[in-house]
2 protein chains.
Amino acid sequence: MDERQALAAFAALGQEHRLRVVRALVTAGPNGLAAGVLAETVNVAGNNLSFHLKELSHAGLITSRREGKSVIYSAAYAGLSDLVQFLMRDCCQGHPEVCAPAVAALAACDCTTGDTLHA
Amino acid sequence: MDERQALAAFAALGQEHRLRVVRALVTAGPNGLAAGVLAETVNVAGNNLSFHLKELSHAGLITSRREGKSVIYSAAYAGLSDLVQFLMRDCCQGHPEVCAPAVAALAACDCTTGDTLHA
DNA sequence: TCTACGTTTCAACGATAGTTGATATGTAGG
DNA sequence: CCTACATATCAACTATCGTTGAAACGTAGA
């Protein structure tokens, strides 16, 4: 991930409605949520939400697929990973103790119990 | 970290000059960099940089200390950790495989070789 | 094909953020 | 005390972002 992409991603997350959308989709899991459900969840008008979803999609943070009349959005976990990696890259220049908490914080996630940790 | 703080942090990072400042400080390590050095590094006028540094500081992403005539800024690694944790929290609702790459990406950092990983 | 539903696009307005220049603070040395 | 240096503050301007309402698109069922 280059700076331009990271910039777009952070700018996208730095907005109340968009951050809530991403959080909702991250917790929702890979099944995702329909645009209409998201509109109710974050309490935003449909047309306005559509604008934000487009921005999040362009930033590589979410993906979409059509299912009948609905459009289902899901978190782009790979994009989120890249963003985290971009932010913390080269944080260990001779002082691993300063960034270890970041690793520990994320490792505290239940993911560590998954069998695909190193996949 | 609550939503309001995360929002401020992401909005702070969603700006070219501020993102470069944070990246410069993250790679610089706990010793930090003087405001003047940062101004040259990111190629921003001093008064303008001061505005951005204030915003980053208010967002909990950097800290500052005075050393003689200079003010030294450093990355707030704890704040960065909290931010990462906020973004990925509850990402594993029954599907640990989707967020495992995020953990792996951060774990790829040399931090994993540090002796304070679980501290 | 017609209607209903879900979603997206567009133009326009109001609010907010970033830059600039001038000025103020605070610190060290002569 | 006075000057030089480093950084911070303030007001004003411009550009960009987010919201709103109206309208269009695409899909499914009658």
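## Surface near DNA strand C

In this predicted model, 21 residues surround DNA strand C, and the closest of them are A:Ala35, A:Gly36, A:Asn47, A:Ser50 and A:Ser70. Two or more residues apiece come from helix H3 (35–42), helix H4 (46–58) and strand S3 (70–75) of chain A, and helix H4 (46–58) of chain B is a further element that contributes in this way. The largest share, 6 residues, belongs to H4(A).

By residue class, the surface near DNA strand C divides into 7 nonpolar, 11 polar and 3 charged residues.

## Surface near DNA strand D

DNA strand D is likewise surrounded by 21 residues, the closest being A:Gln15, B:Ala35, B:Gly36, B:Asn47 and B:Ser50. Here H3, H4 and strand S3 (70–75) of chain B, together with H4 of chain A, each supply at least two residues of the surface, and the largest share, 6 residues, is provided by H4(B).

The class composition of the surface near DNA strand D is 7 nonpolar, 11 polar and 3 charged residues.

## Overall build of chain A

Chain A holds 6 helices and 3 strands, and from the N terminus on its elements follow the order α-α-β-α-α-β-β-α-α. Of its 119 residues, 42% count as buried; among the contacts in chain A with a separation of 6 or more, 54% are between residues 24 or more positions apart.

An unreviewed UniProt entry places the feature "domain: HTH arsR-type" at residues 1–95 of chain A. In the model, that span is 60% helix and 15% strand, and the C-alpha atoms at its ends lie 24 Å apart.

## Strand pairing in chain A

Strand S3(A), which also appears among the elements near DNA strand C, pairs with two other strands. With strand S1 (residues 33–34) of chain A, the pairing is antiparallel and runs over 2 bridges, and within it A:Leu33 has A:Tyr73 of S3(A) as its bridge partner. With strand S2 (residues 62–67) of chain A, the pairing is again antiparallel and runs over 6 bridges; here A:Arg66 has A:Val71 of S3(A) as its bridge partner.

S2(A) and S3(A) form a hairpin with 2 residues between the strands, in which A:Gly68 takes a positive phi near 65 degrees.

## Helix H1 of chain A

The buried residues of helix H1 (residues 3–13) of chain A are A:Ala6, A:Ala9, A:Phe10, A:Ala12 and A:Leu13. Seen down the axis of H1(A), these buried residues fall within an arc of 160 degrees, and therefore they line one face of the helix. The face turned away from that buried side carries the exposed residues A:Glu3 and A:Arg4.

The packing partners of the buried residues of H1(A) belong to both chains: within chain A they are helix H2 (16–28), H4 and H5, and from chain B they are helix H1 (3–13) and helix H2 (16–28). H4(A) is thus an element packed against by the buried residues of H1(A), besides giving the largest share of the surface near DNA strand C.

## Backbone exceptions in two loops

Most residues other than glycine have a negative phi. A:Asp90, although not a glycine, has a positive phi of about 60 degrees, and A:Asp90 is located in the loop between helix H5 (77–88) and helix H6 (96–107) of chain A. A:Asp90 counts as partly exposed because it has 13 C-beta neighbours inside 10 Å, whereas 12 or fewer would make a residue exposed.

B:Asn43, which is not a glycine either, also has a positive phi of about 60 degrees. The loop that contains B:Asn43 connects helix H3 (35–42) and H4 of chain B, both of which are among the elements that supply at least two residues of the surface near DNA strand D. With 9 other C-beta atoms within 10 Å, B:Asn43 is exposed.

## B:Arg66 in chain B

B:Arg66 belongs to strand S2 (residues 62–67) of chain B, and this residue is exposed because 8 other C-beta atoms lie within 10 Å. Although B:Arg66 and B:Ala34 are 32 residues apart along the chain, their C-alpha atoms are separated by 9.1 Å.

Definitions and conventions. Residues are numbered from 1 along each chain as its sequence is written. Chains are lettered from A and ligands numbered from 1 in the order in which they are written. This is a predicted model: local features need pLDDT of at least 70, side-chain atom pairs count only at pLDDT 80 or more; totals for chains, interfaces and linings use all residues. A residue is near a molecule or strand if its C-beta atom, placed from the backbone, lies within 6 Å of it. Helices (H or I, at least four residues) and strands (E, at least two) are DSSP runs, numbered from the N terminus. Ala, Val, Leu, Ile, Met, Phe, Trp, Tyr, Cys and Pro count as nonpolar, Asp, Glu, Lys and Arg as charged, and the others, Gly among them, as polar. UniProt positions are given in the numbering used here, feature names are shortened, and annotations may be inferred rather than shown by experiment. A residue is buried if 20 or more other C-beta atoms lie within 10 Å of its own, exposed if 12 or fewer, and partly exposed in between; C-beta atoms are placed from the backbone. Two strands pair if DSSP finds at least two bridges between them. The arc is that of the directions from the helix axis to the C-beta atoms. Two residues are in contact if their C-beta atoms, placed from the backbone, lie within 7 Å.
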